[in-house]
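Colleague: I should be grateful for a close look at the largest cavity and, after that, at the zinc sites. Which residues line the largest cavity?

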Amino acid sequence: MLDPPKSEEVLVRIIATGICHTDLVARDYVMGSPNFPVILGHEGSGIIESVGEDVHHLKVGDHVVLSYGFCGECEICRNGTPQYCYEFFTRNFSGGRVDGSHSHHYHDGKAINDNFFSQSSFATYAIAHKNNVIAVPKDAPLELLGPLGCGLQTGAGAIINSLRVRVGSSVIITGTGAVGLAALMAAKATSATTIIAVDINDERLAFAMELGATHTINSLSENVSQRILEILPKGVQYAVDTTGRNEVINSVLSSMRPTGEMICIGVAQKPLALETNIFLTKGYKIKFINQGDSVSAEFIPKLIKMYQNGQFPFDKLIKKYSFEDINQAVEDSEKGRTIKSVLLIGEYGN
Ligand SMILES: [Zn+2]
Ligand SMILES: [Zn+2]
């Protein structure tokens, strides 16, 4: 059973939900995940069914994308960086509301863990908080928009919000999953001149070329730092790492131009070990970011506009599955057969 929304909450009929790496990490209980049983899903899109009495900027019938939760009141949120909210963990990973309550219960009244990313959108209906419900234009394809709320804003935001890549820059992107390819499309949209994609899968690298990469490197068969310096003898200016792998990060750093900037997004399997003595005289900046440094309420509408102008064709990354095929969708994502799986959950007419 699902309770009605509380005063600051919104009830959303889910139309579709993307599958993101973090859902699988939570399923496998790798990092501080909520206890089971839990309703996961955190790239939901849908239509508002009802709103609590303290929600004024949204209304019944609005098309919305659900993004990450944040309090909106702490000094970090008020500073314009809600993606680093003090309550980020509680509001996204704790398996309940901040006060420990839940909106889902069994018929005998026992609570089910929920509120994953303030939404738990692997479901036909979701309760979200007013802060993480983003209204989107009705002429955009609602069933495709959910991944903008996490994976796609993470990659695109690294380029646009964190690095602020400009016309004529050089960029390297290591790892060509959904996050890496979103970064790549954003780099092309910003008119970076040299865009290098690195992966171990030749098929993905060919696809990266289609999306706008100017060069590719297969890190299994080629020496990454050597190849970067062949392409850019003075070194690469910007890097986005989605692999979290020491050897990849060190190879890229050793071929960056002085004052180069690297963004780290990949979940590292091992502690990061940098060859710092080589880098001390380079002035590099390395930044660890969450959600592409994105303020979703501003960035998601911007990405939709870019999509509608043909500058951010993220639909090319998506494969749709029906909700009952969730296990197939997860398997295809894990095996790299699908870049971004989206589960079709509800129907809507335009
Ligand atoms: Zn906060
Ligand atoms: Zn995610």
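Modeller: In this predicted model, the largest cavity is lined by Glu9, Arg97, His102, Ser103, His104, Asp114, Asn115, Gln119, Ser120 and Ile127. A cavity is a set of points, on a 1 Å grid over the protein atoms alone, where a 1.4 Å probe fits but cannot get out, and lining residues have an atom within 4 Å of a point. The lining comprises 6 polar, 3 charged and 1 nonpolar residues, with Asp, Glu, Lys and Arg taken as charged and Ile among the nonpolar. The space enclosed is about 50 Å³, a volume filled by probe spheres set on points joined across faces, edges and corners. The count of cavities of 30 Å³ or more is 1.

As for the metals, Cys20 (SG), His42 (NE2) and Cys150 (SG) are the protein donors of the zinc ion (ligand 2), at 2.1 to 2.2 Å; donors are N, O and S atoms within 2.8 Å of the metal, and water is not among the atoms, so a site may look incomplete. Their spacing is C-x21-H-x107-C. The two cysteines join distant parts of the chain, 130 residues apart: cysteine 20 lies in the loop between strand E1 (9-18) and helix H1 (21-27), and cysteine 150 in the loop between strand E5 (133-135) and helix H4 (151-162). Helices (H or I, at least four residues) and strands (E, at least two) are DSSP runs numbered from the N terminus. Cysteine 20 and cysteine 150 are both buried, that is, under 20% relative accessible area (1.4 Å probe, protein chains only).

The zinc ion (ligand 1) has the protein donors Cys71 (SG), Cys74 (SG), Cys77 (SG) and Cys85 (SG), at 2.3 to 2.4 Å, spaced C-x2-C-x2-C-x7-C.

Residues are numbered from 1 along each chain as written, chains are lettered from A and ligands numbered from 1 in written order. Local features need pLDDT of at least 70 and side-chain atom pairs 80 or more, while totals for chains, interfaces and linings use all residues; side-chain values use heavy atoms, without hydrogens and water.

How values were computed: On a 1 Å grid over the protein atoms alone, a cavity is a set of points where a 1.4 Å probe fits but cannot get out, and a pocket is an open set with protein on both sides within 12 Å along at least five of seven lines; lining residues have an atom within 4 Å of a point. Donors are N, O and S atoms within 2.8 Å of the metal (3.2 Å for Na, K and Ca); water is not among the atoms, so sites may look incomplete. Buried means under 20% relative accessible area, exposed over 50%, partly exposed in between (1.4 Å probe, protein chains only).
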